[in-house]
Structures are given as structure tokens and as C-alpha cells.
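Student: I have a structure to read and do not know where to start. Can you take me through it one feature at a time?

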Amino acid sequence: MFDIKPDFCDIEMPDAGYSIEDYASSQARWCSGCGAHTILNSVQRLCKEEQLPPEKTVFVSGIGCSSRFPHYMKTYGFHGLHGRAFPVACGVKFRRPDLHVFVITGDGDCCSIGAGHWVHAIRYNMNMVVLLFDNAIYGLTKKQTSPTSPIGTKSNTHPEGSVLPPINPIQSTLGLPNVSFVAQSADWKPAHLHATIQKAYQHPGLSFVRIVQRCPVFMHDHYEPTVKDPDAITVLDHENGIHLDEKQLSKFRHVVQHDPSDLVKAREVAELVKETVPIGLFYQNQANLRYDDYGAHNLGVSNEERLGAINTLMNRYAV
Ligand SMILES: Cc1ncc(C[n+]2csc(CCOP(=O)(O)OP(=O)(O)O)c2C)c(N)n1
Ligand code: SF4
């Protein structure tokens, strides 16, 4: 007999202050040198800085190397089906707007099999942080062409080199209705990456962050020149953008001013990717409608009624 008590989500935790150890779970099993390690460190740091209660924080992923992320967090997590992180995360957020929701997805997971969900999650603009780990390849399944693989990428599905132009996830997201936050960073620029994740967390709505992520095992030749070339990156700077101090900013050779309230300009800047990798905040609009706000105001269903419905449903399967 299922009888979930209404107070199950009101657990009082001691106010001791959370440390990194309160968020770090088992040792990450990604390859040595994989860019995902830096992203994990940055997210754990953010959780500590923001003192996110682990029992009020959930990481939702699909399938892929990147999607193993929830296993390495001592929070709630949902390692779902390939391409299905977004609908799960939207369901969680809609029913539990009090939770801090993060989506971890790969370029195959988000831009291929999950592309339909990606489009609608952006449009629903629920308050969550989406981190797209873009290594431009299917890593877990050992090197198939992904929708973001550059033309000519030799892979197990295209031994002679891929033939189609890749999707630019930044440009595609900027083209969607109700888009409210789009940023890009690179795993080998940890200060910028962390400032980007902080800014994304503070945004009220869906923050879409594409992280250019090294896969040294299957895409070594693709990333190595970019990582080593000081001219390969252009920083988008603005007082309302991603904040870097003077010292951090001085480490970049190419810095351009970009006002993140200008959507048309943001789409132009996203094209820069052909010459360099632009990192920074492309676009932010805090005024867009959020479907989780709409839900909270319009559902009119109490916690007790919801739990009663869950208990009734579960009892159908209890013996
Ligand atoms: C429905 C379904 N289709 C295909 C697969 C096989 N599969 C598992 S991971 C993956 C690709 C992962 O690539 P990406 O999302 O880029 O993540 P990465 O491993 O590179 O982090 C595929 C095709 C699957 N598990 N489920
Ligand atoms: S295969 Fe690539 S993406 Fe996957 S863990 Fe190894 S380095 Fe990372």
C-alpha cells in the first residue's frame, strides 16, 4: 500500500553550510583529459557557492558520456533515455517549482534524437540551467558523426568524412520563440566557464549554455589546435554579459563588445564560429513568459491532492 506523506518534501536539513564533499559523489569515470571533468568541478563549485540544498537539487540527463553526470553528484538525479532529458526536466520543474533543476545533455542527445524536445523546452522557458556538452561526436558509442561534427569529420559512420553542414546550436537556439538566455563557453577556459554557469544559474528562465567540450579520445585532432591557438577564441564582453575581471580578460587576444539585449546582433555574432569560437553571453531577456510560473498560478492543485492522486495511481500496481 503506497502512502507517501504530504511532508516528504519538507525535510529540515542542519544549517551547517554545505561543502564540495556534500555535492561530490563517486569518482567520475570519464577518460583522462575529457573536458567533462572541468564542467563537473565548476558545477559542484556553483552548488557550494549558492549553498543549494542537495535534497532540493536535481540533475537530469539523457544518454551519452556527458549524461553520466548525475551519478557524480550527491543530489537527486535522473539518468534518462537518449534524447529525453528535456521532457523529464520540464515535468520535474512543472510539478516541483521549488527544486533547482539542471539538464545535462550531449550534442547527439540534444541536437539529434532530442531535437524536438530541445525546441519546445526553449519555448516553455521554465527556470532551469541547460548545459550542452558539445564534443562534436558521439563519444559513448565510440565515434559516430554527430549533428555538430564539422564537415569532413572521419567517423565510424562516415569513414570518408561527414558530408553535411553541422548544426550551430547557438544559432538554432537563438532562432526559437521565447528564447531567454543563450551563452557559450569552453571547458579549457575554467574561469570563463564558471562565470558563465553562475550567470546561467542566476537567470530567471531557461538558460541554454553550450560548452565546447574536448573529447581527446575521439576528436583529439579537432580540438587540439583550438586549445593551443591563442587566436582561436573571441570573447563577447559587456557590462551585462559574463563578468571577467581585467586580469582574466587580458589573457584573451580577441575581445569584442556585444550587448546581450540585441537578438539580431546575437544571431550575427553566432556566425563568428566560422572564424573563431565566440564565448560569452549572446542573448538574455528576463521578461519572457515562463511556463512554470504559468503552471504555479493556474493549476490550483494542492500538495495533498497531488499526493493523493499519486498514491491512488501507485495502489493500482501494488499487490
Ligand atoms: C534511443 C537510443 N538510440 C540510440 C542509442 C545509442 N546511443 C547511446 S549514447 C549515443 C550518442 C551519445 O552522443 P552524445 O549525446 O553526443 O554524448 P557523448 O557520449 O558524446 O557525451 C547513442 C547514439 C540509445 N542508447 N538509445
Ligand atoms: S570518450 Fe570522449 S567524451 Fe567520452 S569520456 Fe572519453 S574523452 Fe570524454
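Student: How do I read the surroundings of ligand 1 by class?
Tutor: Sort residues into three classes. Ala, Val, Leu, Ile, Met, Phe, Trp, Tyr, Cys and Pro count as nonpolar; Asp, Glu, Lys and Arg as charged; the others, Gly among them, as polar. Here, the shell around ligand 1 has six nonpolar, eight polar and two charged residues. A residue is near a molecule if one of its heavy atoms lies within 4 Å of it. Of the 16 residues around ligand 1, Cys65, Ser66, Gly108, Asp109 and Gly139 come nearest.

Student: What should I know about the model itself?
Tutor: It is a predicted model: local features need pLDDT of at least 70, side-chain atom pairs count only at pLDDT 80 or more, and totals for chains, interfaces and linings use all residues. Residues are numbered from 1 along each chain as written, chains are lettered from A and ligands numbered from 1 in the order written, and side-chain values use heavy atoms, without hydrogens and water.

Student: Which backbone atoms lie close to oxygen atoms of ligand 1?
Tutor: Look for polar contacts, pairs of N or O atoms within 3.5 Å; within protein, one must be able to donate a hydrogen and the other to accept it, and residues adjacent in sequence count only if both atoms are side-chain atoms. A backbone N or O atom of Gly108 is 2.9 Å from a ligand 1 oxygen. For a polar backbone atom of Ile137, the distance to a ligand oxygen is 3.0 Å.

Student: Is His82 buried or exposed?
Tutor: Buried means under 20% relative accessible area, exposed over 50%, partly exposed in between (1.4 Å probe, protein chains only). His82 is partly exposed, because its relative accessible area is 31%. The side chains of His82 and Asp109 make a polar contact of 3.2 Å.

Student: What surrounds ligand 2?
Tutor: Its neighbours include Trp30, Cys31, Cys34, Cys65 and Phe218. By class, this shell has eight nonpolar, two polar and no charged residues.

Student: Which residues touch the most others in the largest nonpolar core?
Tutor: In soluble globular proteins, nonpolar side chains tend to be buried together. A nonpolar core is a set of buried Ala, Val, Leu, Ile, Met, Phe, Trp, Tyr and Cys residues joined through side-chain atoms within 4.5 Å. The largest one has 47 residues, and Val43, Phe69 and Leu131 touch the most other members. Helix H1 gives the largest share of this core, six residues. Helices (H or I, at least four residues) are DSSP runs, numbered from the N terminus.

Terms used. Helices (H or I, at least four residues) and strands (E, at least two) are DSSP runs, numbered from the N terminus.
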